[in-house]
Amino acid sequence: MTLLPSSRGPDQPLRTTLPRAPTRGASPARARVSPVGGGGIVAGMDATLPIGDFARATHLSVKTLRYYHQVGLLEPDEVDRHTGHRYYTTAQIPTAQIIRRFRALDMPVEQIAKVLAAPDLDTRNALLAAHLNQMERELARSQSAVASLRDLLTRPPGGTRAEIGRRSVPATPAAAITETVDVAEALTWYQGALGEIYATLDAQGLAADAPAGGIFSTDLFTHGRGPATIFVPCAGPLRPMGRVGALVIPAVELATIVHRGPHANIDLAYGALGTYVAEHALAVDGPIREYYPVGRHESAEAAEWRTEICWPIFHTGPSPDEPAARTHEGGDG
């Protein structure tokens, strides 16, 4: 393990005697309350150290110790009122060591303060468990991102184009929720809105006629905030309830691609579809649509989910999976 250098900064005057003389009101022997372990009393001689020596003893830099003092996480035993020099005691070393390990686990300073101030073991353990759970979620996200990157690097160019199709969607009555949302919250908002729609249909004895869908404005993609609509096709008479109201989803021509599984890699499908639309000069103004033939409502298994991504286009003839020879039948299409 690399030791910290022994050079002293302006907060670390050279001192040759420990503990320091009691002329600043220090007492060489004190009874102390342990900062961890439930508040037991620890008695004994507490030698004092200037901040530089305390930094070397704890592997916390002087800059870090000053910050911890500023935020109240680890305050010095005494600050000389004339020079501003900070002094710590040996009894504070275990606390500093615990703080250092919490920070190595990326625990926020505010959370560490709550752990150290926990009134009992159960409270402290609950705080620690919450942080460990958060770390596990972050690890899962990191593993998913790594897997996605490896898949992207090994995927052959144009490997998804065979999945692209076209279809016409007629005007469709539906139960819907429309709101302006931030892109960072769009997935959470979609799940909540869809659950509310299904609950409303169930309460009114109505059944869905087709898979749920979403309509997402261009602003949501280009500016990170914009109108979004979640809908469930429903032909019966719907009474507005809460955020849910009746809406006729407009007819549209669409280029489509199906994304399988959770939404972590859905941008790859978007990229493939956007490439196809651009190369064939098919794009028209209009919001992106998604349909969810298999989603959270139909299956708890994320691997089974299916999302159909739909890009508005003008109709030019047969869909791309039809024989090429038919493309020019009856004119230039």
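**Exercise 1. Count the helices and strands in the chain.**

Solution. Start with the assignment: helices (H or I, at least four residues) and strands (E, at least two) are DSSP runs, numbered from the N terminus. Going through the chain that way gives eight helices and 13 strands. Keep in mind that this is a predicted model, where local features need pLDDT of at least 70, side-chain atom pairs count only at pLDDT 80 or more, and totals for chains, interfaces and linings use all residues. Residues are numbered from 1 along each chain as its sequence is written, and side-chain values use heavy atoms, with hydrogens and water left out.

**Exercise 2. Work out the strand order of the open sheet, then find its edges.**

Solution. First, the pairing rule: two strands pair if DSSP finds at least two bridges between them. Eight strands line up as S6-S11-S13-S12-S8-S9-S7-S10, with antiparallel pairing. At the edges sit S6 (165–169) and S10 (245–249), each pairing on one side only. From one strand to the next, the twist averages 35 degrees.

Next, zoom in on one pair. S6 and S11 run antiparallel over five bridges, and Arg166 stands opposite Ala255 in S11.

**Exercise 3. Find what helix H6 and helix H8 touch on the sheet.**

Solution. Contact here means heavy atoms within 4.5 Å. Angles run from 0 to 180 degrees between N-to-C directions, using axes that are lines fitted to C-alpha atoms, for helices over the stretch in contact. H6 (residues 186–203) packs on the sheet and touches S7, S8, S9 and S12, with its direction at about 30 degrees to that of S9. H8 lies across S6, S11, S12 and S13, at about 30 degrees to S13.

**Exercise 4. Place Asn265 and say whether it is buried, partly exposed or exposed.**

Solution. Asn265 sits in the loop between S11 (252–260) and H8 (266–279). Now apply the cut-offs: buried is under 20% relative accessible area, exposed over 50%, partly exposed in between (1.4 Å probe, protein chains only). Asn265 comes out at 24% relative accessibility, so it counts as partly exposed. Leaving aside residues up to four places away in sequence, Asn265 touches Ser148 and His259. Asn265 and Ala147 are 118 residues apart in sequence, yet 9.8 Å apart in space, C-alpha to C-alpha.

**Exercise 5. Check the cysteines: how many disulfides are there, and are Cys234 and Cys310 buried or exposed?**

Solution. A disulfide is a pair of cysteine sulfur atoms within 2.5 Å, and a search of the whole structure finds zero. Cys234 has 5% relative accessibility, so it counts as buried. Cys310, at 0%, counts as buried too.
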